[in-house]
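Biologist: Please take a close look at one helix of this model and at the pocket and core to which it contributes. A connected account, with the cut-offs stated, would be appreciated.

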Amino acid sequence: MNGKSCFFIGSRYSSDEIIIPLTQSVEKHITEYGVTHFTVGLYGNFDKMVQGVLCKAKKQHEHIHNYLLFPYALNQKGVEIPNGFDCFVYPDGLEKVPFRFAIVQANRFTVKYSDYLIAHQGIGNSRKIIEYAQSREKRGLIKVFLL
């Protein structure tokens, strides 16, 4: 993958009040940090907000690639990729992970291979993922931005 990559993590309870700083952060990652690949989950209010912001960003920056992280085994037949997104991402080896741990494992996998993380309101498992990313940041492996 050429270019930098960015992943998003946040609470399903995140408020719509973060749309402006989220939009500004995405724009900054594209224009200042050279991010061309964005990955976001499918569940909760935070992911839905990010999806909307990324769709708008792609209209202005056609060179970016937007991916939806799918934590469960997916039969690709008949599954439509939403407008503004390039494809679903399903991490290797996830089919061996118990269903209830799939989202956490998919998030950890994606953090491991991302250059940047944009995060908001770490609660529960999202907090653990943010802490994991911050431990990787201390080793210079990722840069974490908290909204």
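Modeller: The account below takes the helix α2 first, then the core, and then the pocket.

This is a predicted model, in which local features need pLDDT of at least 70 and side-chain atom pairs count only at pLDDT 80 or more, whereas totals for chains, interfaces and linings use all residues. Residues are numbered from 1 along each chain as its sequence is written, and side-chain values use heavy atoms, with hydrogens and water left out.

Helices (H or I, at least four residues) and strands (E, at least two) are DSSP runs, numbered from the N terminus. The helix α2 covers 44-60. The expected span of a helix is 1.5 Å times one less than its number of residues; for the 17 residues of α2 this gives 24 Å, which agrees with the 25 Å between its end C-alpha atoms.

Buried means under 20% relative accessible area, exposed over 50%, and partly exposed in between (1.4 Å probe, protein chains only). In α2 the buried residues are F46, D47, M49, V50, Q51, V53, L54, A57 and K58. These residues pack against β1, α1 (19-31), β2 (35-40), β3 (65-69) and β5 (116-120).

A nonpolar core is a set of buried Ala, Val, Leu, Ile, Met, Phe, Trp, Tyr and Cys residues joined through side-chain atoms within 4.5 Å. The largest such core has 26 residues, and F8, L22, V26, F38 and L54 have the most contacts inside it. Two or more residues of this core come from each of β1, α1, β2, α2 and β5, with α2 giving the largest share, six residues. Another core, of 14 residues, lies apart from it and includes L69, L94, I130 and I142. Contact means heavy atoms within 4.5 Å. Leaving aside neighbours within four places in sequence, V26 is in contact with V53, L54 and A57, as well as with F8, F38 and I118.

The helix also takes part in the largest pocket: β1 (4-10), α2, α3 (102-112) and α4 (125-138) are the elements that give two or more residues to the lining. A pocket, on a 1 Å grid over the protein atoms alone, is an open set of points where a 1.4 Å probe fits, with protein on both sides within 12 Å along at least five of seven lines; lining residues have an atom within 4 Å of a point. The space in the largest pocket is about 560 Å³, a volume being the space filled by probe spheres set on the points, which are joined across faces, edges and corners. Of its 26 lining residues, G10, R12, I103, N107 and N125 lie nearest the centre. The largest share of the lining, five residues, comes from α3.
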